[in-house]
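This report covers strand pairing, aromatic contacts and a pocket in one protein chain. The sequence and the model are shown first.

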Amino acid sequence: MFKAKLIENESYYALRSKQVFLMLLPAIPMGLIVNYFQFPTWAVILTIGLYLLAIFMMSKNQKKLNAIVGNKQIEMDEKEIRIKTKKGKEEEIIALENVDKLILTDTYSMPQETMREVGKEMAGNTKQNYLIVQQNNNKRKLDFEIDSYFMIKQLDKIIEKWELNGYNIEREG
């Protein structure tokens, strides 16, 4: 079984990119303090102030991120996709036998896994894990955040089983 946090709002990706930038921002003032011991007192105080401001902005952004992701969970197995609340109560069940087509991304991975992906995140090109369920000419995109390599493997196994069961699967990249 595959489990992941459901992303309920597209603004999550912009906030995640902003968070990467904000996490790197405090490194600049701290680098200045560490490398230059002969700084005037006012410059050190200003640098510490900038550091504290960056931490404040980062925590405020993190609160927004937490509000968007983690309130619901998506679970998938060979026969259905379930959306559950934070407390585990089933909110919706999508039976795959009733689905016309599943549109998947080429590869699934954890966000910000490599330095290249961190650079892409900062540039605004965020890694998105999703699947699109097409049912009765309606498309529904389900974005989710994978938090472990184990879950990536579980998802790969489930997709294999979907293909063996003959579900209509399309890949996009």
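In this predicted model, I7 stands opposite D143 of strand β7. The two strands concerned, β1 and β7, run antiparallel and are joined by three bridges. Strand β1 covers residues 2-7 and strand β7 covers residues 138-145.

Strand β7 also pairs with strand β6, which spans residues 129-135. Here seven bridges are found, and the two strands again run antiparallel. Within this pairing, L131 has L142 of β7 as its bridge partner.

**The turn between β6 and β7**

β6 and β7 form a hairpin, with two residues between them. Which residues in the loop between β6 and β7 have a positive phi? N136 lies in that loop and has a positive phi although it is not a glycine. N137 is found in the loop between β6 and β7 as well, and its phi is also positive in a residue other than glycine. N136 counts as exposed because its relative accessibility is 60%, over the 50% cut-off. N137 is exposed too, because its relative accessible area is 72%.

| Residue | Phi | Relative accessible area |
|---|---|---|
| N136 | about 55° | 60% |
| N137 | near 65° | 72% |

**Aromatic contacts**

A pair of aromatic rings is described by the distance of the centres and the angle of the planes. The count for this model comes to three aromatic pairs. Why is the pair of F2 and F144 edge-to-face? The planes of the two rings stand at 70°, so the pair falls in that class, and the ring centres are 5.4 Å apart. This contact links distant parts of the chain, since F2 belongs to strand β1 and F144 to strand β7, 142 residues apart. Both F2 and F144 are buried.

Y12 and Y13 form an aromatic pair as well, with 5.5 Å from centre to centre. The angle between their planes is 75°, and this pair is edge-to-face. Are Y12 and Y13 buried or exposed? Y12 is buried, and Y13 is buried too.

Ring pairs also link F2, Y108 and F144 into a cluster. The strand contact between β1 and β7 described above thus has two of its residues, F2 and F144, in an aromatic pair.

A ring also takes part in a contact with a charge. The charged end of K141 sits over the ring of Y130, at 4.4 Å from the ring centre. K141 falls within the residue range of β7, and Y130 within that of β6.

**The largest pocket**

How much space lies in the largest pocket? The value is about 260 Å³. The lining consists of 14 residues, and those closest to the centre of the pocket are Y12, R16, Q62, L65 and E145. Y12 is also a member of the edge-to-face pair with Y13, and E145 falls within the residue range of β7.

Three elements give two or more residues to the lining: α1 (11-24), α3 (41-68) and β2 (69-76). Which of the elements gives the most? That is α1, with five residues. By class, the lining has six nonpolar, five polar and three charged residues.

Technical notes. Residues are numbered from 1 along each chain as its sequence is written. This is a predicted model: local features need pLDDT of at least 70, side-chain atom pairs count only at pLDDT 80 or more; totals for chains, interfaces and linings use all residues. Side-chain values use heavy atoms; hydrogens and water are left out. Rings of Phe, Tyr and Trp (its six-membered ring) pair if their centres lie within 6.5 Å; planes under 30 degrees apart count as stacked, over 60 as edge-to-face and the rest as tilted. Helices (H or I, at least four residues) and strands (E, at least two) are DSSP runs, numbered from the N terminus. Buried means under 20% relative accessible area, exposed over 50%, partly exposed in between (1.4 Å probe, protein chains only). A charge sits over a ring if NZ of Lys or CZ of Arg is within 6 Å of the ring centre and within 35 degrees of the ring normal. On a 1 Å grid over the protein atoms alone, a cavity is a set of points where a 1.4 Å probe fits but cannot get out, and a pocket is an open set with protein on both sides within 12 Å along at least five of seven lines; lining residues have an atom within 4 Å of a point. Grid points are joined across faces, edges and corners, and a volume is the space filled by probe spheres set on the points. Ala, Val, Leu, Ile, Met, Phe, Trp, Tyr, Cys and Pro count as nonpolar, Asp, Glu, Lys and Arg as charged, and the others, Gly among them, as polar. Two strands pair if DSSP finds at least two bridges between them.
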